[in-house]
Amino acid sequence: MLHIHNTLTRKKETFVPIVPGKVRMYVCGMTVYDYCHLGHARVMVVFDVVARWLRVSGFHLIYVRNITDIDDKIIRRAGENGESIRALTDRFVAAMHEDADALGVMRPDYEPRATEYVGQMQSLIDRLHQKGLAYVAENHDVCYSVRKFEGYGKLSGKSVDELRAGERVEVAGEKHDPLDFVLWKHARVGEPEEVKWDSPWGVGRPGWHIECSAMSSDLLGDHFDIHGGGQDLQFPHHENEIAQSEGAHGHTFVNYWMHNGFVRVDDEKMSKSLGNFFTIRDVLKRYDAEVVRFFILRAHYRSPLNYSDAHLEDARQSLTRMYTALRNVAAEDVPVDWSEAHAVRFRAAMDDDFNTAEAVAVLFELANEANRNCSAAMAAQLKGLGGVLGLLGRDPAAFLQGGVGGESGDIDAAVIEALIEQRAQAKRAKNYPDADRIRAELLAQGVVLEDTPQGTIWRRA
RNA sequence: GGCGCGAUGGCAGAGUGGUUAUGCAGCGGCCUGCAAAGCCGUGUACAUCGGUUCGAUUCCGGUUCGCGCCUCCA
């Protein structure tokens, strides 16, 4: 029985889908004006695993992850670059896909782009307007009247009055209340034609929050099961989505809200504004993508995750242990045996709010079992369960000998093989000083040799 | 200021009212020409002060420290 920590109640709840056997999930994706950083990697990987687990658990899942391709920063960046919005966003959508693919993130079923849903957004805004929840401000922006929506703040645990008390942002005077947010932004002077749409309230473009309400209801309906995203979206973005969707439709929007923790650097949130972010592609120059994925998955999704070279290195060593087990013991080519003890524990861990840290621990125990008894069955379980997390899918030798970054990655495999042969000759001649010298030379270049009954094998340190 | 989260062994990181997390690193042993890999063994870890309890790292309260949201942000 799957349990999910629901941000709405701050408790773990038994997961019961609205329609038996079916799950509809929406995750807030990227605003595409720059390369994705590790924080984005975490959202993609975490919800990729959520999606995989739901499917493994037998649910028919529809997974939507949106793309925000219209927003202030996009407009500004396109202007700076002297390129069109579309050219800019297309470029970064492609880059995002490259990064996601590298990390083993499966494509969601739908990746709607905001600009393709402006019509639906307008209908929704119109509906809110009709219901008296939205108003046209002096400056012709259409705003949501937060105080008219009962229950505003239920997701973030804030009350409207507390928010007001803590108000420390100067607000455009056009809003009736500082908390109100923009649904439709009238066109500003100097904005390119590309960001202008006709609407009943004049030429303009949608506010940020409305896109998710519009796209989710269009693709998943007015009421669906899971809505996810990074912790920083809890307020105001998701709070506003609730106000929009429940305000417009008059019933519950989402049953389970999930928020993943931040990636940190030196115990501070990694973010664009702090400038302390590492892009996925930069990290992938130095670390294998699977190591990065493993690094993300070895912690629980709601915990903070500290990024550092030392931690990535630690993750690399750990993953090496599992691949070494799979190299030592060839896995049987069979599907996961879910009745086997480790698989039972793996399932229990994953059913407990996607506890991948615990699930990974089970993987290590399987590695130990496989090694100890030279058990092809245990190796198969290891490979199979690893696969559920999107790990351990490669040929072990490819992982162990793959030279991603590192100080050493350059020495050619053919050169290594040649030196190994030289050393083998020295060994046959009992010329151990020479054999050891060759081994030391290779080690200095980051190559570790292992003598086995079947001959000498190598891996990158 | 308001609201919320957290504090676990050298590092990372789960979890539990009383019994081994797990991984990396370290140490000892087996194996090995020597290594490596693997296996076996090994560490009086649960911020602090009180309370509840037969018993608390685990529950409750205070304190300290850290972090996050309240503004664009995954």
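I began with proline 236 and placed it in helix 7. Helix 7 runs over residues 234–249. I then checked the peptide bond from phenylalanine 235 to proline 236 and found it cis, with omega near 0°. I note here that this is a predicted model.

**Around helix 7.** I looked up what flanks the helix. Strand 9, helix 7 and strand 10 make a right-handed β-α-β unit. I have strand 9 at residues 224–230 and strand 10 at residues 254–260. These two strands pair in the parallel sense over 6 bridges. For one register point I took glycine 229, whose bridge partner in strand 10 is histidine 259.

I also followed strand 9 to strand 3, which spans residues 22–31. Strand 3 and strand 9 pair in the parallel sense as well, over 3 bridges. Here I noted valine 27 standing opposite glycine 228 of strand 9.

Is strand 9 mostly covered or mostly open? I found it mostly covered, with 7 of its 7 residues buried.

**RNA strand B.** I listed the protein residues around the RNA. There are 62 surrounding RNA strand B, and the closest are Lys73, Trp208, Gly230, Ser318 and Arg439. Which part of the RNA faces the protein, sugar and phosphate or bases? Of the RNA atoms within 4 Å of the protein, I recorded 66% as belonging to sugar or phosphate and the rest to bases.

I then picked out three polar contacts, one for each kind of RNA atom.

- Glycine 230 has a polar backbone atom 2.3 Å from a sugar or linking oxygen of RNA strand B.
- Lysine 158 has a polar side-chain atom 3.1 Å from a base oxygen of RNA strand B.
- Arginine 459 has a polar side-chain atom 3.4 Å from a phosphate oxygen of RNA strand B.

I noted that glycine 230 also belongs to strand 9, at residues 224–230.

**Positive phi.** I looked at two residues other than glycine. Cysteine 374 has phi near 45°. I placed cysteine 374 in the loop between helix 12 (356–373) and helix 13 (376–388). Leucine 392 has a positive phi of about 60°. I placed leucine 392 in the loop between helix 13 and helix 14 (396–401).

Is cysteine 374 buried or exposed? Its relative accessible area is 55%, so I entered it as exposed, the cut-off being over 50%. Leucine 392 has a relative accessible area of 0%, so I entered it as buried, the cut-off being under 20%.

**Domains and annotations.** I copied the division of chain A into domain 1 (15–264), domain 2 (309–397) and domain 3 (413–460). How far apart are the C-alpha centres of domain 1 and domain 3? I have 57 Å.

From the unreviewed UniProt entry I took the annotation "domain: Cysteinyl-tRNA synthetase class Ia DALR", which covers residues 345–400. I found this span to be 77% helix and 0% strand, with its end C-alpha atoms 28 Å apart.

UniProt, again in an unreviewed entry, lists residues 30–40 as "short sequence motif: 'HIGH' region". Over residues 30–40 I recorded 27% helix and 18% strand. The end C-alpha atoms of that stretch are 7 Å apart.

How values were computed. Residues are numbered from 1 along each chain as its sequence is written. Chains are lettered from A and ligands numbered from 1 in the order in which they are written. This is a predicted model: local features need pLDDT of at least 70, side-chain atom pairs count only at pLDDT 80 or more; totals for chains, interfaces and linings use all residues. Side-chain values use heavy atoms; hydrogens and water are left out. UniProt positions are given in the numbering used here, feature names are shortened, and annotations may be inferred rather than shown by experiment. Helices (H or I, at least four residues) and strands (E, at least two) are DSSP runs, numbered from the N terminus. Domain bounds come from an automatic or database domain assignment. Buried means under 20% relative accessible area, exposed over 50%, partly exposed in between (1.4 Å probe, protein chains only). Two strands pair if DSSP finds at least two bridges between them. A crossover is right-handed if, with the strands pointing away from the viewer, the path from the first strand over the helix to the second runs clockwise. A residue is near a molecule or strand if one of its heavy atoms lies within 4 Å of it. A polar contact is a pair of N or O atoms within 3.5 Å; within protein, one must be able to donate a hydrogen and the other to accept it, and residues adjacent in sequence count only if both atoms are side-chain atoms.
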